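I sat down with this structure today and kept notes as I went. Here they are, in the order I looked things up.

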Amino acid sequence: MSDARPAGETGRLDVRIARKSFPKPSGDRLEVLRDIAFTVPRGRVAAFVGPSGCGKTTMLRIIAGLDRAYEGTIVQEFGGRIGMVFQEPRLLPWRTVEENVRLVAPDASEATLARLFETLELAPHRAHYPGQLSLGLARRVALARAFAVEASLLILDEPFVSLDDALAARLRGELAKLIGSRPVTTLLVTHDVEEAIGLADRLFLLSAGPARIVAELPIERRDDVSAGSRVAAIKAEVARLTSAAGVPATERSAAGGRS
Amino acid sequence: MLRLLSIAILLGAWYAGSLMAGERMLPGPAAVLAAIVEEARSGALALHLSATLARVALAFSLAMALGTALGLLMGRVKIADKLGDPWLVVLLNLPALVIIILAYVWGGLTEAAAIAAVAVNKLPNTIVTVREGARALDPALDEMARVFAMPAGKAIRHVVMPQIAPYFAAAARSGLSLVWKIVLVVELLGRPNGVGFEMGVAFQLFDVTRIIAYALVFVVVMLTIETVLVQPLERRASRWRNRTA
């Protein structure tokens, strides 16, 4: 399905995972991913929505190079570094906020960091240790860290999960601002269709395990989307596809008009 | 305040005990202090104390360095753990005295044999403690370092070592007191100087005053090392832990 794109496009992320399975205690193997194939052009944002536990995180780990035991190929034509936001902040508790960011991005200039901390409202917390931060703040530090490396590929695994709606919405806005300020190929896993629509150029719908891509929806430029009618249309389409493909609808996509 | 009171009670009990047992069996604080001053004046105290301290420092560093390396290896690499574990069990259960005597028999009554014997006595304890730490390393942080392509040196310094630090500190603490006790035995058995050697001489002369004098001075020295060196280092290493908002 992702072959619809014109051939010869340069600088894209090309993911082909034929099969990924884990050994089960009983001896046979549990298949988690099957025939995942998609391409993300340089600088575009792809969102992945699917039932929880369907293997989205496994897919991201393979793309990030953390799991090499799979059948398939991952081609990142533009090479370079990866910035990642895990489901948990994964900060070093014994280093300050600023040290946590600087350690992975030693080349980042003071001006870049200052701007990043400013955007994410972390400026007053630079010298704090992660143990002194709320979860919301810690997630922002994780975002700052991922952006500070000026990566060619940004991987976001449910970056706002378990935050309250208001804070998640604010952070989503900040994330959109960051992506807008410096276009970077981004993969976003989320269970929130609205979040996907707000941030992504393209939405991939995954089935329950073993995960396959059951639909690929283009999303108009983010600026037009805020109109609302388009959001509703996409949501309806997602709802239709999830029921058609036998995917249990996630809580949020089922909630319909929630904003 | 309570600490001072406790020390005062200890001194009082010591004094009372010496009155009851007699100066020969248990000399009082004044006699011991006089002996310390006498030994210090003759230069014997400094000589023996420095000899013992040098051995403690050498054996301790050797055991900690080697033990940390082996502990990390065994905690991270399964094959190393499987191969090393039986050796570890043997070492852990070998009495200190056996190791010391064998070291002297095989290596002669030399300084190298003495220090090696002490280090080998402390080694398994360090390995076991650091191995626990290596096993408890957080895979989530390890993955973070890998995704962000942290160079190995940096990852060890900023990701691995801070996680090992509490285990290392625990090994160092118990190590320091263990090492100096074993050093005394090593000196008693086969060295011509050091606090342990002096203890041996004093024992043969039934000079209880000198035994207590040397023991007391050494305890004070070790306590000082603990307060001015070990504790500040520990505080520094764990300062991120205490300051919660």
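Before I count anything, I take two residues to be in contact if their C-beta atoms, placed from the backbone, lie within 7 Å. I also keep in mind that this is a predicted model.

**Entry 1: where the chains touch**

I began with the contact between the chains, which takes 18 residues from chain A and 17 residues from chain B. I then asked which elements of chain A give two or more residues to the side that touches chain B. They are strand E5 (82-85) and helix H2 (97-104) of chain A. Sorting that side of chain A by class, I got 12 nonpolar, two polar and four charged residues.

**Entry 2: a sheet in chain A**

Next I looked up an open sheet of three strands in chain A, with the order E2-E1-E4 and antiparallel pairing. Which strands stand at the edges? I found strand E2 (29-40) and strand E4 (71-76) of chain A there; each has a single partner strand, so one side of each is left without a neighbour in the sheet. On average, neighbouring strands of this sheet are turned by 20° against each other, direction ignored.

I also checked what packs on the sheet, and noted helix H1 (residues 56-64) of chain A, which touches E1, E2 and E4 of chain A. The direction of H1 makes about 120° with that of E1(A).

Then I went through the pairing of E1(A) with E2(A): the two run antiparallel and are joined by 10 bridges. One pair I wrote down is A:Lys20 with its bridge partner A:Leu33 in E2(A). The hairpin of these strands has five residues between them, and in it A:Gly27 takes a positive phi near 115°.

**Entry 3: A:Arg16**

I picked one residue to follow up, A:Arg16, in strand E1 (residues 13-23) of chain A. Across from A:Arg16, in E2(A), stands A:Ala37. Leaving aside neighbours within four places in sequence, I listed A:Ala37, A:Gly72 and A:Thr73 as the contacts of A:Arg16.

Is A:Arg16 buried, exposed or partly exposed? A residue needs 20 or more other C-beta atoms within 10 Å to be buried, and 12 or fewer to be exposed. A:Arg16 has 15, so I put it down as partly exposed. I looked up one distance too: A:Val214 is 198 residues away from A:Arg16 in sequence and 15 Å away in space, C-alpha to C-alpha.

**Entry 4: chain B as a whole**

Turning to chain B, I counted 11 helices and zero strands. The C-alpha trace of chain B spans about 70 × 55 × 30 Å along its principal axes. Of the 245 residues in chain B, 33% are buried. Among the contacts in chain B with a separation of 6 or more, 73% come from residues 24 or more positions apart.

**Entry 5: helix H5 of chain B**

Last, I took a closer look at helix H5 (residues 96-107) of chain B, which has 12 residues. From first C-alpha to last, H5(B) reaches 16 Å, close to the 16 Å expected at 1.5 Å a residue. Its buried residues are B:Ile99, B:Ile100 and B:Ala103. Why do I say that they line one face of the helix? Seen down the axis of H5(B), they fall within an arc of 100°, so they line one face. My reminder to self: an α-helix has 3.6 residues a turn, so residues three or four places apart point the same way.

I noted that helix H6 (111-135) and helix H8 (152-190) of chain B are among what covers these buried residues. The face of H5(B) turned away from the buried side carries the exposed residues B:Val98 and B:Val105. Just after H5(B), B:Gly108 takes a positive phi of about 75°.

Key: Residues numbered from 1 in each chain as written. Chains lettered and ligands numbered in written order. Predicted model: local features only at pLDDT ≥ 70, side-chain atom pairs only at ≥ 80, totals over all residues. Helix = DSSP H or I, 4+ residues; strand = E, 2+ residues; numbered from the N terminus. Expected span 1.5 Å × (residues − 1). Arc of directions from axis to C-beta. Nonpolar A, V, L, I, M, F, W, Y, C, P; charged D, E, K, R; others polar. Pairing = 2+ DSSP bridges. Axes fitted to C-alpha atoms, helices over the stretch in contact; angles between N-to-C directions.
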